[in-house]
Each structure stands twice: as structure tokens, then as C-alpha cells.
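The following paragraphs lead through a structure by way of its ligand site and its sheets. Please keep the sequence and the coordinates in view while reading.

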Amino acid sequence: MKGRLREPSVALLEAAGLGPEQPGERALAFPCRNAPVDVLLVRAADVPEYVQDGVVDCGITGMDLVAERGARVRELLRLGFGACRLEVAVPEESGYDEIAQLEGATVATVYPRLTRELLPVNVELVDVTGSVELAPRLGLADAIVDLVSSGNTMRTNGLRSLGSLFSSEAALFGREGADADSLVSMLSTVVQARAHRYLMLNVSEANLGAVSAIVGGARAPSVVPLAEAGMVALHALVPAAEIWKLLPLLEAAGASSILVVPVERMVS
Ligand code: AMP
């Protein structure tokens, strides 16, 4: 988990209370203060083999890399960062409009295995080791298959996406048979918490039904009486991604004093 996954990975261990004792930016191995866990920083691309071969019990890396290696490891927990997509792209000015038209075309990628497996047409692969975005401009390929998160790099390089082949994020992987239950449950309390918000609001008893229906969700909200007659407070855990659409609906349904606060840990 060196490279772009390093910082969020160490931050996750910190948030889960393991107390990673990273002595400095250059340290490649360090222990955790509060748990019997030793952290080894290696390239994200090397993690699938390290886990598969039992060099380590668990590893954090991108799902794309594990799939590309075809590593025999178990996905234990998706971590909610490092999200990206493996996309097919062509130069802005090219005549291709859809993936199906790429039959017989040349495609540059550092993901040959996933490209062969997931592209529904036969193409000629051009192996490159980096700077895939340059391949079409250099006349090396008609199209590329590469990772995209914001899409900025593709746009900057005059490329246009024809579609996505694979969605990835960082995950914790374990070798077959490794006992990682306590690590998984510690990390998942944080991963789950980050994906939620604690919502508190006041509402009249008359509007409680409408407001509860908007909050919805699998977990029953708590309803607490307030000093003011006919008014109650409603507390509920809601998915963070839904907050933006819930707030205006709640206000319109008569909710007031709405507070949204982060959650630190969620235990099931
Ligand atoms: P690294 O080579 O260490 O920077 O890590 C590469 C991994 O980070 C990829 O295999 C992905 O799982 C993940 N990742 C997330 N967003 C991107 C992106 N925009 N470009 C490349 N890799 C990304």
C-alpha cells in the first residue's frame, strides 16, 4: 500500500485505534502501538502476490490489481477509498463511438488480463509500462484501457471515454485460511461509520409520520419527547451519500433544528 493508497490506509489504521507508529515518511515497516499488527509498506502492485504467497497475512490494495494478477486471495473488506474505474478511451477526434466498434483495433494498457477478459471484442494489445494516455498520440494504439477516477488526466490528454470495464476501490485482502477476523471487525467499524451520518431534528408530533417516512432506512429512528408539548426529537443513522437529498425534503416536511454529525465508530 505504498503510493496513493498509503496515506488513507495508515489513516484508517489510526482511526481504527491500532496506533500505527510510523516513524517518518520513508519508513517501510513499523509496528502498531495498540494491536499485534506489523505494517509493511510495499507497492500496491506487489500486494496481491505477498498476500497469496503468505509473506503477509493481509494486505490493502486496489481490487483492480488483485483481479489483474488473478491472485488467489480473499476479499475481506472494501475500504471506501481509492475508488476508480478501468475505462476504455479513444482520442477526442477519433471516429469511435462505442466499444463494439473496436473490433480489430490496437489497444494500449497496463491491464492486459482484465482488458482481454472484459472487452467484448477482439483487439490487438500493445503492452506499455506507463503513461498509457500518450499511446494514441504517439501512434502506438487506437485506444487505451486505463484507470480513471476524476477523468481529469484523460481530458487533459485529449481522450474521450467509451465506457467502463471494471469498478475498483481499495480493499483488505487475506490469504486463504488466514485468521483476520479481529482486524476486519475493527476496520469495518470505521468504514461503516464513515459511510453514515447521525441526523438529529425536532418535529411536531403531527408531522412525525411524514418525517419518519423520509428518513426511512432499515434502522428504526429514536424518538425522544421534548419539553415543549407536542414536539419530539428524532435521531437516526442515515447513509452519508443521501444527506444532500434528505435535508430539503425534511425541511419541507416540517423538521426544524436539523443537525448532521459525523459518526466515529459503528458496531453492527
Ligand atoms: P499506486 O500505484 O500505489 O498509486 O496505486 C495504484 C492503485 O490506486 C490503483 O491500482 C488503484 O487501485 C488505485 N487508484 C485510485 N485512483 C486511481 C487513479 N486515478 N489512477 C490510478 N490508480 C488509482
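A polar contact is a pair of N or O atoms within 3.5 Å; within protein, one atom must be able to donate a hydrogen and the other to accept it, and residues adjacent in sequence count only if both atoms are side-chain atoms. The model is predicted, with local features requiring pLDDT of at least 70 and side-chain atom pairs counting only at pLDDT 80 or more, while totals for chains, interfaces and linings use all residues. Residues are numbered from 1 along each chain as its sequence is written, and side-chain values use heavy atoms, with hydrogens and water left out.

At the ligand, a polar side-chain atom of D64 lies 2.6 Å from a ligand oxygen atom. The side chain of S149 places a polar atom 2.8 Å from a nitrogen atom of the ligand, whereas R4 contributes a polar backbone atom, 3.2 Å from a ligand oxygen. The protein buries 76% of the 490 Å² that the ligand exposes when taken alone (accessible areas by the Shrake-Rupley method with a 1.4 Å probe; for residues, only the protein chains shown count as cover). There are 14 residues around the ligand, of which K2, R4, D64, L65 and S149 come nearest; a residue is near a molecule or strand if one of its heavy atoms lies within 4 Å of it.

The sheets are described next. Strands are DSSP runs (E, at least two residues), numbered from the N terminus, and two strands pair if DSSP finds at least two bridges between them. One open sheet has five strands in the order 7-6-8-5-9, with mixed pairing. Strand 7 (124-127) and strand 9 (159-168) each have a single partner strand, so one side of each edge strand is left without a neighbour in the sheet. Within this sheet, strand 6 (residues 106-109) and strand 8 (residues 143-148) run parallel and are joined by three bridges; T109 has V145 of strand 8 as its bridge partner.

A further open sheet contains three strands in the order 3-10-4, paired antiparallel. Its edges are strand 3 (58-62) and strand 4 (73-78), each with a single partner strand, so one side of each lacks a neighbour in the sheet. Strand 4 is joined to strand 10 (residues 170-175) by five bridges, the two running antiparallel, and R78 has A171 in strand 10 as its bridge partner.

Methods: Helix = DSSP H or I, 4+ residues; strand = E, 2+ residues; numbered from the N terminus.
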